[in-house]
Amino acid sequence: MIRVLEKNISDKIAAGEVIERPYSIVKELVENAVDSGADSIICEIKNGGKTYIRVTDNGCGIEPDECEVAFLRHATSKIETVYDLDSIETLGFRGEALASIAAVSQTEMITKVRRLKTGVRLVYKGGRVLLREETGCPDGTTVVVTDLFYNTPARAKFLKTDSAESGLIIDYISRMALCYKDIKFRLINNDKILFSTAGDGNRFKTILRVYPNLDEKHMVPVNYEENGMNLEGYISTPALSRSSRISQIFFVNGRYVDSRVMERGVTFGYRERLFEGRYPVCFLFLTIDPAALDVNIHPNKMEVRFDNDGAVAEFIGKAIQSTLTSKESIVDAAPAVYEKMDKLEGIPSFMRDDQRRSDLFKTGEKGRDDSEQGNIRDLLKNMENRVETAAAGPEFEFRFDKSKLDMPEGKVSTRKYEEKKAQEIRGQETRHIDIYEPLLKPFDFNELWVTGCIFDTYITATDADNFYLIDQHAAQERVFYERLVGSYEASEKVHQTILVPLMINVDYSQMENSNEWIETLTEMGFTIEEFGGNTFRITEIPMFMDIGEADAFLREFLANIKDNKTMRNTVVINKLITMSCKAAVKAHDKLSLNEMKALLKDLAQCRNPFSCPHGRPTAIKLSNYDIEKLFKRVQ
């Protein structure tokens, strides 16, 4: 027997699609507050939001004759026609939030519009109105939710601990504060203020307020625009990474989202910059035409669908690649040096010696004190370990296209940058700027002045603000690698015929698109033909591969067919890496000054001059300020 459900039953079912836990309520109410035009939002919770939730804003408020309408299901001010769904620019739009919240809790709303002297107070329980009265209150809206899931105890049983539930809410408010830098956010948990943002438009200052443990020195700004899309935010240099994607935070048109597409773009941008299994820290804010975006694919609005996934991922990758060409992306050796100095409890003994050590950093000379040489090597080793620790492994990979960035007027030196950053942090500057924004500069190895070499391994060089050590083996390995890859990609691929053809079976969806992936494999150097049914025969494979490698590659290729339009022949690339490594100059091979200069000139022409193909850095730096600090000239 088919029957129409009673309203109280259907309301509970519908509420379950929107309100899963306290976090869901906070999300809906905060999004409504943002849509109201508020510039101040306060969120207060107790016991993880299970017993008490309050969201207060100073937005436009709700007209008295519309207050109860706002609690009706599918009552909204955000859309009027079906065409509005194609270009949604607000965070909320379905008109389900208040109705769903009121259905499973006791909900109190106090609201007032600016033109009136008094507001309205409404109390709902289980979806029914218990009280409506006129009340004195400030402009804006306050919603208080208590007795959550009192009428659906089965759902309450599945809530997590107080700390787990509050963690979800804290994480969400933190991210909203980052996105809406012009709104003051205050978060109160069990009567304790966790954080309060200034709402002054300074996004980086907001990030540091919300994430005080973030290593700001390794964060650089992104600001990139192309094809109607804009990306801004902050990303970490290769010196700062994590073991998971938990520190990758994405927003699309002001909406916090989980996006595999944006994750893929970040992975593309850091390709060959981070070791496999390491992930950068990033706060990225994408602005895109609302008509090219579908936010109506899930009730919690955490997922979005782009009309062109590939274009969005490629755009994000290019933005990151362009950003990572800056001088700030070179690994800073100062933390390792300071750490070494701390361990030695002052200046190392070989630096305190009264005798001048003018030949200390020269190579190829006899009679050097072994202990002094050992101390320097220890120092360099410590720098190297610091770099490896930053990447949580012996290697971290990166690559980018060396596209030029526009230099804003009035660039400042690194020294001035240090002073500017310190002033900003101390609050001595009141201008609403992001402190890194005007300071990024493309890095060019051609601008370095080569001064010599130490240990016949590390080329020394300077510019106006920094001292550099360049690993001659890593640098030439990068040069050779890019030449080999370029030659391979530009040449006609050489085949080798195999005695016994390889046979592969594909599923029906792969069979349907066989023309596309067969063309890709052919470009790589395979000869492949249909053999009946869903079976294909491979009679020729690339010259670089043996049969086992070819078979393994084909199986991986077909298993990841959706991404294979841009898939690289990893077997070939790995072999080219090995060839470049063997051909490159080794540590302790003595180079003349002209050879050092020529190597840096070649390195400057590379797409990614900052790492070898294995991911080790080609260069590390110490700023003039850092060196002066080591000699106790500055604090």
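In the predicted model, E529 has a relative accessible area of 30% and is therefore partly exposed. Its salt-bridge partner is R537, with the closest N and O atoms 2.3 Å apart. R537 has a relative accessible area of 26%, so R537 is likewise partly exposed, given that the partly exposed class runs between 20% and 50%. Elsewhere, E108, R121 and E133 are joined into one network by salt bridges that share partners. The structure holds 21 salt bridges. Side chains of opposite charge can pair when their charged atoms come close.

Two further salt bridges lie within helices. In helix α5, which spans residues 162-179, R175 and D171 are four residues apart, or about one turn of the helix. The closest N and O atoms of this R175 to D171 salt bridge are 3.0 Å apart. The two partners fall into separate accessibility classes: R175 counts as buried because its relative accessibility is 9%, under the 20% limit, whereas D171, at 30%, counts as partly exposed. In helix α13, covering residues 472-490, R478 and E482 are four residues apart and are therefore separated by about one helical turn. The side chains of R478 and E482 form a salt bridge with an N to O distance of 3.0 Å. Both R478 and E482 are buried.

Helix α5 also packs against a second helix. The axes of α5 and α6 (residues 203-210) come within 9 Å and cross at roughly 165 degrees. Because angles over 145 degrees count as roughly antiparallel, α5 and α6 are roughly antiparallel to each other. The crossing of α5 past α6 is right-handed. On the α5 side the contact involves S174, A177, L178 and C179, which meet R203, T206, I207 and V210 of α6. Two packed helices are described by the angle between their axes and the distance between the axes.

An open sheet of eight strands has the order β5-β4-β3-β6-β2-β1-β7-β8, with mixed pairing. Its edge strands are β5 (128-135) and β8 (192-196), each of which pairs on one side only. From one strand to the next, the twist averages 10 degrees. Within the sheet, strand β2 (residues 52-57) pairs with strand β6 (residues 140-146) in the antiparallel sense, over five bridges. One of the facing positions is D57, which stands opposite T141 in β6. Helix α2, formed by residues 22-35, packs on this sheet and touches β1 (40-46), β2, β6 and β7 (184-189); the direction of α2 makes about 10 degrees with that of β2. Helix α5 lies across β1, β7 and β8, and runs at about 170 degrees to β7. Thus α5 has contacts both with these strands and with α6. Strands of a sheet pair through backbone hydrogen bonds, either parallel or antiparallel.

Further along the chain, strands β19, β20 and β21 are linked by two hairpins. Strand β19 (residues 449-454) pairs with strand β20 (residues 458-462) in the antiparallel sense, and five bridges join the two. The bridge partner of I454 is Y458 in β20. Three residues lie between β19 and β20 in this hairpin, and F455, in the turn, has a positive phi of about 60 degrees. Strand β20 in turn runs antiparallel to strand β21 (residues 466-471), again over five bridges. Here T460 has L469 in β21 as its bridge partner. The hairpin formed by β20 and β21 also has three residues between its strands. In a regular strand the side chains alternate between the two faces of the sheet.

A final position concerns helix α3 (residues 97-103), in which S100 is found. The relative accessible area of S100 is 0%, so S100 is buried. S100 and G127 are 27 residues apart in sequence, and their C-alpha atoms are 8.1 Å apart in space.

How values were computed:
Residues are numbered from 1 along each chain as its sequence is written. This is a predicted model: local features need pLDDT of at least 70, side-chain atom pairs count only at pLDDT 80 or more; totals for chains, interfaces and linings use all residues. Side-chain values use heavy atoms; hydrogens and water are left out. Two strands pair if DSSP finds at least two bridges between them. A salt bridge is a side-chain nitrogen of Lys or Arg within 4 Å of a carboxyl oxygen of Asp or Glu. Buried means under 20% relative accessible area, exposed over 50%, partly exposed in between (1.4 Å probe, protein chains only). Axes are lines fitted to C-alpha atoms, for helices over the stretch in contact, and angles run from 0 to 180 degrees between N-to-C directions. Angles under 35 degrees count as roughly parallel, over 145 as roughly antiparallel, 65 to 115 as roughly perpendicular and the rest as oblique. A crossing is left-handed if the near helix is turned anticlockwise from the far one by less than a right angle, and right-handed if clockwise. Contact means heavy atoms within 4.5 Å.
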